[in-house]
Amino acid sequence: MQKKRKIAFYLLLILGVLLVVGLVLLLCMQSGQIAMLNPKGMIAAKQRGLLIMASWLMLIVVIPVFIMTVVFARKYRASNRESKYRPDWDQSLSAEIVWFGVPFVIIAVLSVLVWRSSHHLDPFRPIDTGVQPLTIQVVALQWKWLFIYPEQGIATVNFVQFPEKTPINFHITSDAPMNSFWIPQLGGQIYAMAGMDTQLHLIADEEGEFRGSSSNLSGKGFAGMRFKAIAVSDAAFEAWVDEVRGEGEMLDLETYQELAEPSEDNPPAVYRLGKNDLYDWIVMKYKMPM
Amino acid sequence: MTTDTHSKTIFGFWVFLMSDCLLFASFFATYFVLHQGTVTLFSLPFAFTQSVVFLISSFAAGFFGDKHKTLALLGFMFVLGALFLSMMGYEFAQLVQAGTSWQTSGAWSAFFTLLSMVGLHAAVGLLWIVVLMLQICFRGITPSTSRRLACLKLFWQFLNIVWVFIFSFVYLLGAQYG
Amino acid sequence: MFGRLNLEAFHQDVIEQGADLMMVLGAIFIVALLTYCKRWTWLWKEWLTSLDPKRIGVMYIVVSMVMLVKGFIDALMLRAQQMISVGDSHGYLTSSHFQQIFTAHGTTMIFFVAMGLLFGLLNFLIPLQIGARDVAFPFVNAVSFWLFAVGAMLVLISLAIGKFSATGWVSYPPLSELQYSPGVGVDYWLWSVQVSGVGSLISGINFFVTILKMRAPGMTLMKMPMLTWTTLATAVLIIFAFQVLTATLTMLSFDRLIGTHFFTSDFGGNPMMYINLIWAWGHPEVYILVLPAFGIFSEVVPVFSQKRLFGYASMVWATVAITLLSFGVWLHHFFTMGAGPNANSFFGIMTMLIAVPTGVKIFNWLFTMLQGRVIFKTPMIWFLGFIFAFTTGGMTGVLMSIPSVDFQMHNSLFLIAHFHSTIIGGVVFGFFAGLTYWFPKIFGFTLHERLGKWAAWCWILGFFIAFFPLYVLGMMGATRRLDHYETAAGWQPLFVVAAFGALLIAIGVGFQVLQLIISIKQRKENRDATGDPWNGRTLEWSTSSPPPEYNFAHIPEVKERDAFWAMKQAHQTHNTGKYEDIHVPKNSPLGFFVGIFAFCLSFGTIWYMWWLAAVGMIGIIVCVTIRLCDDDVERVMSAHEVQHIETARTRA
């Protein structure tokens, strides 16, 4: 019986270690596919750095906990008559100081990180690289995304295109239930709320196609609230804008009202912007005179 | 056994009232967040009179004594409480006539609901007064009835305190009168 | 007459019809069983009208176990859908059905499984642990249970009549407002949570008063068992948090019923206010769930380590700290709503601080094992699972409490994995450890040990296999609540692994069911004759298994912490002093009737059947009034009767 238990114990231990190793390997191998670990924009890169730093700090506590659990369980099991048995020992000031103090110091360090990063990576804070930023207004609809380029006079549905290495000033609202605007490879998200104007500042460090989606349930077609975020060269961007201005359908108030009707699986579309203050009109729609 | 029940019940009822503070706090908080600018209310003197009526009824609860005195005081409290509720109803009717109602805006929804919560509690209080009056009428002042009287007193006075807050923060501050 | 209830409401899709059939068959089976065994009167007298918290506790657990099965089937359905709904395939569930399932899953698990299982155990144990005969307010306690049962009933009825909510278990507006959710679903959700929430509130008050006012002589606060301490903390949380929930749900109900504008997007409404209020309740709620689980481990670990609990005083202070801190963290549920860096930082830091007392608890449990003699029976296996699962959840929680990191994880599957790690690892594993530990006390016989261990291992392994892929998926940008995704995302393999994990958990549940059946069959061999099968340390083990209605013939005199252990060391476990008359609460059908009327009120309001709602409202008022006019609420068990019961026990 003893031997069977010993085998079982070590088997489980090996299984546990294998699981962890497997997970780490999975993470490394798949990191290309793991947006959080494979950022393509400065903001996302900083967020990844924070995650990794915080993880290491937490592991200072977590790994000893796991080791202690396994060691204590093995060494102090009832059948091990050789281990010391002190049934009434129930306090140790030094132990308390360590396991209160060390986590407290870690949390203190993390708190500083929290304060600094929350300010530095505030979604409302513009990115300053010296390059002229591009403003894109985002409207969450049922169940698609509308992107308005007020400076260029164009609009797109379910995809957003912008030049690489250029700060994008996103202004976000909703003409639908609450959504969340998120492009994981470029940075974190912010809620899209009717009657409100939230902001997100992102920048793509290289050309590429990135997945974007909503993360807040907004009704039946919620799973379709995804879009492509495409970073292209400056030249390609300019050319594309000219192309859309030349041939896109007109997005005026009437077309907009049609677009805003609930629909799913909208294919990517481009428009010429007919009403330049469309975004402001959408936000103000929900504010009523008191 | 009886003193045990008495102290347990009073204590438990206190705890319930403390939790009720959170209920009113939530409605208050919502009122303040939704209340953009000012709301135009009915009449400050009217609200003041309403407050005095309620205050007096609450004051009366401090004088419970023997059976007859208690019955008289309870009757008095009932009348004043009913008057308080009627005044609230009248105010609501006036406001609705002036064109502002529950559905007008978030601020008005919050106003009507906050006041209605006090009204609802007061209505429960009135029912409680009636039931207690009947109990005392038929059974007199017993450990049970005096326990229930003590709880009623706490309840009524608590409601009064909530109303004082409403009067101060909703009627006095941040409202104008049409 | 029928409001908006029409035949259309009874039209359900095939899957729901299957569920309805299962419910009907289950009901028929129970009715048939009761009739065959001629146990209707027994059911009424011994259970439905009982005011004994031990009976009420068992009823809570039975209802919660039924809801656990339902919630778990929901989970399996979700996993199955997400495993196959890729690219051209849209799985076997429509989007709206999928959304109803995850809403029902969350609502069921939090309100009707976790809360019910814990209230059930605590009802049974708290009076016993403090050396009392009952809770402070036995009738209110019964009402709490019936309101809870009504809430559960509403969720189940929505499977047959109408639809359940599809807006997530916290129902954010504006999605949950009439404009975007015009049907009955959100109303079902509102009433089931509101009704059971009132039950929870009054239970919280009940436990608070019981613990503060009814402890045995000599049991000062610092001599209470840890489960009692955590229950006291939980009661404080309930008292402060649940009225906020009541207010918030009332406001959303008003928006839907009378057209107010609390949380609409227009007309001056403010959906963000709902989010603030609901999480001001919601965060304390998760501590309400986990603190009793911590208490359970504080009871189980010392007994099975055959050693005193390490650091009792710091455990108490850690509990108090967690309780206080839990009121100051609610914004971390919506860092992404744009509150600004100052607010976000403050709440992020507060959230991290909670990790410190929680860590203190974990170390104290580990040091209880250190230099003990640990017996690895099933409860300790659950404890081991808890350490690994819950600590993972805790770590990921701290990671997400960094607002900038949370911007990348909010509402992703990383979040889902985090809270399942803490809830399954903490609450569920804690409950199962507790149930196994106290089962003999409640029912009089021990559970089959080996099957218990197999169940535990399946659950623990299954849990990791089901949820680790979700951590990875979250980091890949997969959000929660998706009923379909594109092939190019590359997520499917991980969903398949997760589904396999869920299946393993299902096997674990299968073992638990088997364990119950076999244990019942073998109950005579495994009868707990002594009342103390584990060599326990706290007062409940001094009673018979199960305890008599009055718990203690003589109220114990407590001299130190681990009161029963002290009594055993001093060889003073049997008090054969003079027996006295004992007052116990009389049965009352009014709790049951309050439940029936609460159901009428809820169902009536949901379906706009105003006459039914009025009947419900008046019925509740009448029942409560009758009770409050009743002065004859106790019956006496004579000293002779008590003596008879006690000597029968000593003889056995």
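Trainee: Among contacts in chain B between residues at least 6 apart in sequence, what percentage join residues at least 24 apart?

Mentor: In this predicted model, the share is 84%, counted among the contacts of chain B whose partners lie at least 6 apart in sequence. The chain behind that figure has 5 helices and 2 strands, and from the N terminus on its elements run α-β-α-α-α-α-β.

Trainee: What does the C-alpha trace of chain B span along its principal axes, and how many of its residues, as a percentage, are buried?

Mentor: The trace spans about 55 × 30 × 25 Å along those axes, and buried residues account for 35% of the 178 residues in chain B.

Trainee: How should I read a single helix, and which residues of H2(B) are buried?

Mentor: The general idea is that an α-helix has 3.6 residues a turn, so residues three or four places apart point the same way. In H2(B), the buried residues are B:Ala47, B:Gln50, B:Phe54, B:Ser57 and B:Ser58. Seen down the helix axis, the buried residues of H2(B) fall within an arc of 100°, so they line one face of the helix. The face turned away from that buried side carries the exposed residues B:Pro45 and B:Val52, while the buried residues pack against helix H3 (67-97) and helix H5 (143-172) of chain B.

Trainee: What span should the 17 residues of H2(B) have, and how far apart are its end C-alpha atoms?

Mentor: The expected span of a helix is 1.5 Å times one less than its number of residues. For helix H2 (residues 44-60) of chain B, with 17 residues, that gives 24 Å, and the end C-alpha atoms are 24 Å apart, which agrees.

Trainee: Turning to chain A, into which domains is it divided?

Mentor: Chain A is divided into domain 1 (38-78 + 98-121) and domain 2 (134-285), and the centres of these two domains, taken over C-alpha atoms, are separated by 36 Å. Their contact takes 8 residues from domain 1 of chain A and 11 residues from domain 2 of chain A. On the side of domain 1 that touches domain 2, the residues divide into 4 nonpolar, 3 polar and 1 charged.

Trainee: How many residues of chain A are in contact with chain C, and with how many residues there?

Mentor: Here 78 residues of chain A are in contact with 77 residues of chain C. Among the elements that give two or more residues to the chain A side are helix H1 (2-29), helix H2 (42-75) and strand S7 (187-192) of chain A, and H3(A) gives the most, with 15 residues. By class, this side of chain A has 49 nonpolar, 20 polar and 9 charged residues.

Trainee: Which residues have the most contacts inside the largest nonpolar core?

Mentor: They are C:Ala114 and C:Phe297, in a core of 349 residues. The largest share of this core, 22 residues, comes from helix H8 (residues 271-305) of chain C, and the core also draws at least three residues from each of domain 1 and domain 2 of chain A. Leaving aside neighbours within four places in sequence, C:Ala114 is in contact with C:Met109, C:Leu289, C:Ile423 and C:Val427.

Trainee: Where is A:Thr129 found, and why is it called exposed?

Mentor: A residue counts as exposed if 12 or fewer other C-beta atoms lie within 10 Å of its own. A:Thr129 has 12 such atoms within 10 Å and is therefore exposed; it is found in the loop between helix H3 (93-120) and strand S1 (134-140) of chain A. Not counting residues up to four places away in sequence, A:Thr129 touches A:Pro167 and A:Ile203.

Trainee: Which backbone details should I look at, and where is the cis peptide bond that leads to A:Trp143?

Mentor: That cis bond runs from A:Gln142 to A:Trp143, with omega near -10°, and A:Trp143 lies in the loop between S1 and strand S2 (145-149) of chain A. In chain C, the peptide bond from C:Ser545 to C:Pro546 is cis, with omega near -10°, and C:Pro546 is found in the loop between helix H15 (492-521) and helix H16 (563-569). As for phi, C:His571 has a positive value of about 55° although it is not a glycine, and C:His571 is exposed, with 7 other C-beta atoms within 10 Å.

How values were computed. Residues are numbered from 1 along each chain as its sequence is written. Chains are lettered from A and ligands numbered from 1 in the order in which they are written. This is a predicted model: local features need pLDDT of at least 70, side-chain atom pairs count only at pLDDT 80 or more; totals for chains, interfaces and linings use all residues. Helices (H or I, at least four residues) and strands (E, at least two) are DSSP runs, numbered from the N terminus. A residue is buried if 20 or more other C-beta atoms lie within 10 Å of its own, exposed if 12 or fewer, and partly exposed in between; C-beta atoms are placed from the backbone. Two residues are in contact if their C-beta atoms, placed from the backbone, lie within 7 Å. Domain bounds come from an automatic or database domain assignment. Ala, Val, Leu, Ile, Met, Phe, Trp, Tyr, Cys and Pro count as nonpolar, Asp, Glu, Lys and Arg as charged, and the others, Gly among them, as polar. A nonpolar core is a set of buried Ala, Val, Leu, Ile, Met, Phe, Trp, Tyr and Cys residues joined through C-beta atoms within 7 Å. The arc is that of the directions from the helix axis to the C-beta atoms.
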